[in-house]
Amino acid sequence: MELVVLGAGTPYPRPDRACSGYLLRADDIRVWVDAGPGTLANLQRHVRPDQLSAIWLSHTHADHTADLLSAYYALAFADLSPTAPIPVLGPPGWAERMEAFLASGEPNPMSRVFEVHELHDGHEVTLGGLRLTSRAVEHGLPAFGLRAEHGGHSLAYSGDTGPCPALDDLARDADLLLCEADSSTWPSDEPRWHCTPEDAGATARRAGVGRLVVTHVGPSLSPEEATRRARTAFGGPTHCAHEGDVYSPSGT
Ligand SMILES: [Zn+2]
């Protein structure tokens, strides 16, 4: 199992810094995990969009989903030819939100190219030898984190969330935790909807993960500072996700 970083930026894409998106691959399974702006182009370095096994969306904020609209146009109107609709697993209502933007006039246009699935807390799906478990996390709207398991190895992805028990559960004893570190600080009297680098590091430590990769570093931080602070809180191997990186939970 490998995780390819297609984009790790927020809240808008810049040259060589697309927003949130990853390619999860194991055997012949290919899953596009979050479809932030800029990631569809990078995805095509690795797989044709019509050959994806599935698409998984953590939540409907644009920095995680906007390129699904581009993928719709690619699959519906261009030279790509999916043999069957591509399963898309996302938070409840994701398809209606996307269809409202399309305003195509036809009923359920997303179903032309996508097979609509809605996540719930504890949702599980198996694709070949890859098992995906989704848990509801804390982001102020329906949002999910992900655990992927294959061949005795595991990785967890926070999506966007504040620290929460579900994130700890997803990360428990995982070989690798890919965790957002959006915020430098967070007001103590407000609901926690993002992690600080210290939150990412503390989650990794509590969950006993092997390696921590910080991602989705917000504009109030530099990737270097986020990584240094997360590493201090974790006390274990800590990296920062950069576009093009390939991580293997088995350690290579
Ligand atoms: Zn978000």
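## Annotated domain

The UniProt record, an unreviewed entry, places the feature "domain: Metallo-beta-lactamase" at residues 18–216. The structure itself is a predicted model. Across residues 18–216, helix accounts for 24% of the chain and strand for 30%. The C-alpha atoms at the two ends of this stretch are 10 Å apart.

## Nonpolar cores

In soluble globular proteins, nonpolar side chains tend to be buried together. Here the largest nonpolar core holds 28 residues. Trp32, Ile55, Trp94 and Phe114 touch the most other members of that core. Several elements each supply at least two of its residues: strands β1 (2–7), β3 (29–35) and β5 (86–90), and helices α1 (39–43), α2 (62–77) and α3 (94–102). Helix α2 gives the largest share, seven residues. A second core is separate from this one and has 27 residues. Met1, Leu146, Ala148 and Leu178 are among its members.

Trp32 shows how one of these residues is packed. Beyond its neighbours within four places in sequence, Trp32 is in contact with Leu6, Tyr22, Leu23, Thr39, Leu40, Leu43, Leu52, Ala54, Ile55, Trp56, Asp67 and Ala71. Ile55, one of these partners, is also among the residues that touch the most other members of the largest core.

## Aromatic pairs

A pair of aromatic rings is described by the distance of the centres and the angle of the planes. The whole structure contains five aromatic pairs. For Tyr72 and Tyr73, the ring centres are 5.6 Å apart and the planes meet at 90°, so this pair is edge-to-face. Tyr72 is buried, at 2% relative accessibility. Tyr73 is partly exposed, with a relative accessible area of 41%.

Tyr73 also pairs with Phe77. Their ring centres are 5.6 Å apart and their planes lie at 50°, so the pair counts as tilted. Tyr73 and Phe77 are four residues apart in helix α2, which means about one helical turn separates them. Phe77 is partly exposed, with a relative accessible area of 48%.

Elsewhere, ring pairs join Tyr22, Trp56 and Tyr157 into a cluster. Tyr22 and Trp56 are both among the contacts of Trp32. One charge-over-ring arrangement involves Arg14, which lies over the face of Tyr12 at 4.8 Å from the ring centre.

## Backbone details

The loop between β1 and β2 (21–26) contains Pro11. The peptide bond from Thr10 to Pro11 is cis, with omega near 0°. Asp16 sits in the loop between β1 and β2 as well. Its phi is positive, about 65°, although Asp16 is not a glycine. Asp16 counts as exposed because its relative accessibility is 70%.

Asn108 is another residue other than glycine with a positive phi, near 50°. Asn108 belongs to the loop between α3 and β6 (114–118).

## Ser154 and Ser184

Ser154 lies in strand β10 (residues 153–157). Its relative accessible area is 6%, so Ser154 is buried. The side chain of Ser154 makes a polar contact with the side chain of Arg147, at 3.5 Å. Leaving aside neighbours within four places in sequence, the contacts of Ser154 are Met1, Arg147, Ala148, Glu149, Asp173, Ala174, Asp175, Leu176 and Pro249. Of these, Met1 and Ala148 are included in the second core.

Ser184 is in a loop, between β11 (176–180) and α5 (197–207). Ser184 is buried too, with a relative accessible area of 19%; the cut-off for buried is under 20%. Not counting residues up to four places away in sequence, Ser184 touches Thr196, Ser220, Leu221 and Arg229.

## Glu118 and its surroundings

Glu118 is part of strand β6. At 38% relative accessibility, Glu118 counts as partly exposed. A polar atom of the Glu118 side chain lies 2.9 Å from the backbone nitrogen of Gly93.

Gly93 is also among the residues Glu118 touches, together with Gly90, Pro91, Pro92, Glu96 and His123, not counting residues up to four places away in sequence. Glu118 and Ala95 are 23 residues apart in sequence, and their C-alpha atoms are 9.0 Å apart in space.

Technical notes: Residues are numbered from 1 along each chain as its sequence is written. This is a predicted model: local features need pLDDT of at least 70, side-chain atom pairs count only at pLDDT 80 or more; totals for chains, interfaces and linings use all residues. Side-chain values use heavy atoms; hydrogens and water are left out. Buried means under 20% relative accessible area, exposed over 50%, partly exposed in between (1.4 Å probe, protein chains only). A polar contact is a pair of N or O atoms within 3.5 Å; within protein, one must be able to donate a hydrogen and the other to accept it, and residues adjacent in sequence count only if both atoms are side-chain atoms. Contact means heavy atoms within 4.5 Å. A nonpolar core is a set of buried Ala, Val, Leu, Ile, Met, Phe, Trp, Tyr and Cys residues joined through side-chain atoms within 4.5 Å. Rings of Phe, Tyr and Trp (its six-membered ring) pair if their centres lie within 6.5 Å; planes under 30 degrees apart count as stacked, over 60 as edge-to-face and the rest as tilted. A charge sits over a ring if NZ of Lys or CZ of Arg is within 6 Å of the ring centre and within 35 degrees of the ring normal. UniProt positions are given in the numbering used here, feature names are shortened, and annotations may be inferred rather than shown by experiment.
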